[in-house]
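User: Please go through this model with me and explain how each descriptive term is justified. I would like the reasoning as well as the label.

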Amino acid sequence: MIVYHGSNMIINHPDVYHSYRNLDFGRGFYVTTVKEQAEKWARRKAGFAKDGDKAILNLYDMKEDLEGFAFKDFGDDLDTWIDFVCRCRDGDEGYRSFDVIKGKVANDKVFRVVDMYHSGIWDKARALKEIRVYPTYDQIAFITQSAVNGLLIFRSSHEVIL
């Protein structure tokens, strides 16, 4: 399976050590199966970086046989997903019991819904109702370096037009 990572640099040897924030599924190396989503992230990262940085789309082959790795796939289970995302954003390290985590990613609108739920403004029923209205992308987080090394193979990269 082809997966993508948007960045402002070529990442031919991905690692989990450069992850510095508590993201949706904790700290790790994130990819997606959606090329357009990764291109958007590449543009965003280039915009945050120094002047002259380029938006780079990195392509990888991801092995589909995950035997031997602790894998969590949320699928369409938004109820469990939203609570997991909130715990990770709060710094809970329960995500570390997995090597790879797959699920939806909050686009700009869904991100706001998660924040409304996380802050207690909306209850879970309201948040889940709102999330279902918006199309969502996917994300795959590689939590351990052994998962990166065992499952991802760098194929190529190219510049994305800003």
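Analyst: Two strands are said to pair if DSSP finds at least two bridges between them. One caution belongs at the start, namely that this is a predicted model.

User: What makes S5 and S6 a pair of strands, and which residue in S6 is the bridge partner of Lys102?

Analyst: The requirement is at least two bridges, and S5 and S6 are joined by 6, with the two strands running antiparallel. Among the residues involved, Lys102 has Ile140 in S6 as its bridge partner. By that rule S5 and S6 therefore count as paired.

User: How do you know that S2 and S6 pair as well?

Analyst: S6, which covers residues 137–142, is joined to S2 by 3 bridges, and the two run antiparallel. With at least two bridges needed, the 3 found here are enough, so S2 and S6 also pair. Phe29 has Phe142 as its bridge partner in S6, while Tyr30 stands opposite Ala141 in S6.

User: Which strands stand at the edges of the sheet that contains S6, and why are they called edges?

Analyst: That sheet is open, has 4 strands in the order S2-S6-S5-S4, and shows mixed pairing. S2 (29–31) and S4 (71–73) each have a single partner strand, so one side of each is left without a neighbour in the sheet, and that places both at the edges. Ignoring direction, neighbouring strands of this sheet are turned by 20° against each other on average.

User: What makes S6 largely enclosed?

Analyst: A residue counts as buried when its relative accessible area is under 20%. In S6, 5 of the 6 residues are buried, so the strand is largely enclosed by the rest of the structure.

User: What is the order of the strands in the 3-stranded sheet, and how is its pairing described?

Analyst: The order is S1-S3-S7, in an open sheet with antiparallel pairing. S1 and S7 each have a single partner strand, so one side of each lacks a neighbour in the sheet and both are edge strands. From one strand to the next, the twist averages 25°. S3 and S7, which run antiparallel, are joined by 8 bridges, and one of the partnerships sets Asn58 against Ser157 in S7. H1 packs on this sheet and touches S1, S3 and S7, its direction making about 15° with that of S1. S1 and S3 pair in the antiparallel sense over 6 bridges, and Tyr4 has Leu59 as its bridge partner in S3. S1 is mostly covered, with 5 of its 6 residues buried.

User: How do you know that the span of H1 is close to the one expected?

Analyst: H1 (residues 35–48) has 14 residues, and the distance from its first C-alpha to its last is 20 Å, against the 20 Å expected at 1.5 Å a residue. Its buried residues are Gln37, Ala38, Glu39, Ala42 and Ala46, and these pack against S1, S3, S5, S6 and S7.

User: Why is the pair of Tyr60 and Phe154 called edge-to-face?

Analyst: The structure holds 5 aromatic pairs. For Tyr60 and Phe154 the ring centres are 5.8 Å apart and the planes stand at 70°. Centres must lie within 6.5 Å and planes over 60 degrees apart count as edge-to-face, so both conditions are met. The two residues lie 94 residues apart, Tyr60 in S3 and Phe154 in S7, and the pair thus links distant parts of the chain. Tyr60 is buried at a relative accessible area of 0%, whereas Phe154, at 26%, is partly exposed. Elsewhere, ring pairs link Phe25, Phe74 and Phe84 into a cluster.

User: Why is there no bond between the sulfur of Cys86 and the closest cysteine sulfur?

Analyst: A disulfide requires two cysteine sulfur atoms within 2.5 Å. The cysteine sulfur closest to that of Cys86 belongs to Cys88 and is 9.5 Å away, which is too far for a bond. Cys88 is likewise in no disulfide, its nearest cysteine sulfur being that of Cys86. The total for the structure is 0 disulfides.

User: Are these two cysteines buried or exposed, and how do you know?

Analyst: Cys86 has a relative accessible area of 6% and Cys88 one of 3%. Buried means under 20%, so both are buried.

Note on methods
Residues numbered from 1 in each chain as written. Predicted model: local features only at pLDDT ≥ 70, side-chain atom pairs only at ≥ 80, totals over all residues. Heavy atoms only, no water. Buried < 20%, exposed > 50% of the residue type's maximum accessible area, 1.4 Å probe, protein only. Axes fitted to C-alpha atoms, helices over the stretch in contact; angles between N-to-C directions. Expected span 1.5 Å × (residues − 1). Contact = heavy atoms within 4.5 Å. Phe/Tyr/Trp six-rings, centres within 6.5 Å; stacked < 30°, edge-to-face > 60°.
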